[in-house]
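Please open the model in a viewer and keep the sequence at hand. The tour below proceeds by selection, from pairs of helices to single residues.

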Amino acid sequence: MPIMVLSFQPVLELIAEEIRNLGERGRPADYIPALAAGDPQRFGMAVAELDGTVYGVGDWQQPFSTQSVTKVFTLALALAHEGEILWEHVGREPSGNPFNSLVQLEYENGIPRNPFINAGALVVTDRLHRLTGDASGALRDFLRAESGNDDLDFDRDVAASENAHGDRNAALAHFMASYDNISTPVPTLLREYFRQCSVEASCADLAVATGFLARHGIRADGARLLTRSQAKQVNAVMLTCGTYDAAGDFAYRVGLPGKSGVGGAIIAVVPGRCTLCVWSPGLDARGNSVAGVAALDRFTTITGLSVF
């Protein structure tokens, strides 16, 4: 039976105890050498309330490579800048294929299925770079402002590692450029994209930075980034597309909009209530944190906080 939550701290401590060592069932992302040495036993989890109050457990203040989690923030920034025009260049449907697949692009004339597969994220980064002249810098500035952590920055080693093994992403970008759906020179776009994925942040940083989605588009300083409708759009795409080709299972188990990254992090949103981030580097076959999904599953079961 769900409990009445007065403080999230006891809930987090209970979850950490229940899923102890679960991360060992997964494996770090070994196709990015800089991530391959991640310890599957590491685990952190944070919950941020709408006023910025943060609760945490385990390694919740330990910085890690955020990877695809940042796609949520670049999407929000691009959508804030150009509105509905963005959706002419990227879809909103689940892909059903691996996140780095080339297959669907040819059938769909270079328009990616959604902004969270790699092809879609490259399009969003391209759009944001066109609008700002510095997509990765705009992302970093936004995350620093929303998290309150001015030291948040890129990990140059991770960015270099991804660039050295980025042939598939280069192929995606060149293919979409052939359909005029990419305008930034591909080498520049890849640099911006890999820098974006290399951002280092903690569970506390990301839980707080995601708060604008729980506040229906309102930033930490009270300014509006997204309309209420746009915040709903981002949350909806997170729910249906945010965990690679396991989004249906995630919605079934967790029942919250969420976005995962192969660094082992998952952010999640309880609209009007709080935001979460969990991190553990051991991944399942689809690229989602084993302990992270289990922890969010337990969180919604214990608290009853879900969009359903």
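Begin with helices α2 and α4, where α2 passes α4 in a left-handed crossing; a crossing is left-handed if the near helix is turned anticlockwise from the far one by less than a right angle, and right-handed if clockwise. To find the contact, select K71, T74, L75, L77, A78, H81 and E82 of α2 together with N118, A121, V124, R127, L128, L131 and T132 of α4. By class, these contact residues of α2 and α4 divide into seven nonpolar, four polar and three charged. Here Ala, Val, Leu, Ile, Met, Phe, Trp, Tyr, Cys and Pro count as nonpolar, Asp, Glu, Lys and Arg as charged, and the others, Gly among them, as polar. Contact means heavy atoms within 4.5 Å.

Two remarks on the model belong here. It is a predicted model, in which local features need pLDDT of at least 70 and side-chain atom pairs count only at pLDDT 80 or more, while totals for chains, interfaces and linings use all residues. Residues are numbered from 1 along each chain as its sequence is written, and side-chain values use heavy atoms, with hydrogens and water left out.

Now display the same pair as helices: α2 covers residues 71-82 and α4 covers residues 118-132, and their axes come within 9 Å and cross at roughly 45°. Axes are lines fitted to C-alpha atoms, for helices over the stretch in contact, and angles run from 0 to 180 degrees between N-to-C directions. The helices α2 and α4 are therefore oblique to each other; angles under 35 degrees count as roughly parallel, over 145 as roughly antiparallel, 65 to 115 as roughly perpendicular and the rest as oblique. Helices (H or I, at least four residues) and strands (E, at least two) are DSSP runs, numbered from the N terminus.

**From α4 to α8**

Stay in helix α4 and select H129. Is H129 buried or exposed? H129 has a relative accessible area of 14% and is therefore buried; buried means under 20% relative accessible area, exposed over 50%, and partly exposed in between (1.4 Å probe, protein chains only). Leaving out residues up to four places away in sequence, H129 touches D134, A135, T184, T188 and E192.

Next, show helix α5 (residues 135-147) beside α8, with the axes 8 Å apart and an angle of about 20° between them. The two helices α5 and α8 are therefore roughly parallel to each other. On the α5 side, select A135, S136, G137 and L139, which meet E192, R195 and Q196 in α8. This contact of α5 with α8 has two nonpolar, three polar and two charged residues.

Keep α8 (residues 186-197) in view and add helix α7 (residues 167-178); the two pack at an angle of about 130°, with their axes 10 Å apart. That makes α7 oblique to α8. The crossing of α7 past α8 is right-handed. Which residues should be selected in this contact? N169, A170, A173 and H174 in α7 meet V186, L189, L190, Y193 and F194 in α8. By class, there are seven nonpolar, two polar and no charged residues in the contact of α7 with α8.

**Two loop residues**

Move to the loop between α7 and α8 and select D180. Phi of D180 is near 60°, a positive value in a residue other than glycine. D180 counts as exposed, at 68% relative accessibility.

Then select N21, in the loop between α1 (9-18) and β1. N21 is not a glycine either, yet has a positive phi of about 70°. With a relative accessible area of 46%, N21 is partly exposed.

**Strand residues and a last loop**

In strand β1 (residues 44-49), select E49. E49 counts as buried, at 19% relative accessibility. The side chains of E49 and Y55 are joined by a polar contact of 3.5 Å; a polar contact is a pair of N or O atoms within 3.5 Å, and within protein one must be able to donate a hydrogen and the other to accept it, while residues adjacent in sequence count only if both atoms are side-chain atoms. Apart from neighbours within four places in sequence, E49 is in contact with F8, Y55, R273 and C274.

Proceed to F64 in strand β3 (residues 64-65). F64 counts as buried, at 4% relative accessibility. Beyond four places in sequence, F64 touches residues including V199, C203, L206 and W279.

Finish at V262, in the loop between β6 (258-260) and β7 (265-270). V262 counts as buried, at 6% relative accessibility. From C-alpha to C-alpha, V262 and S65 are 8.6 Å apart in space, although 197 residues apart in sequence.
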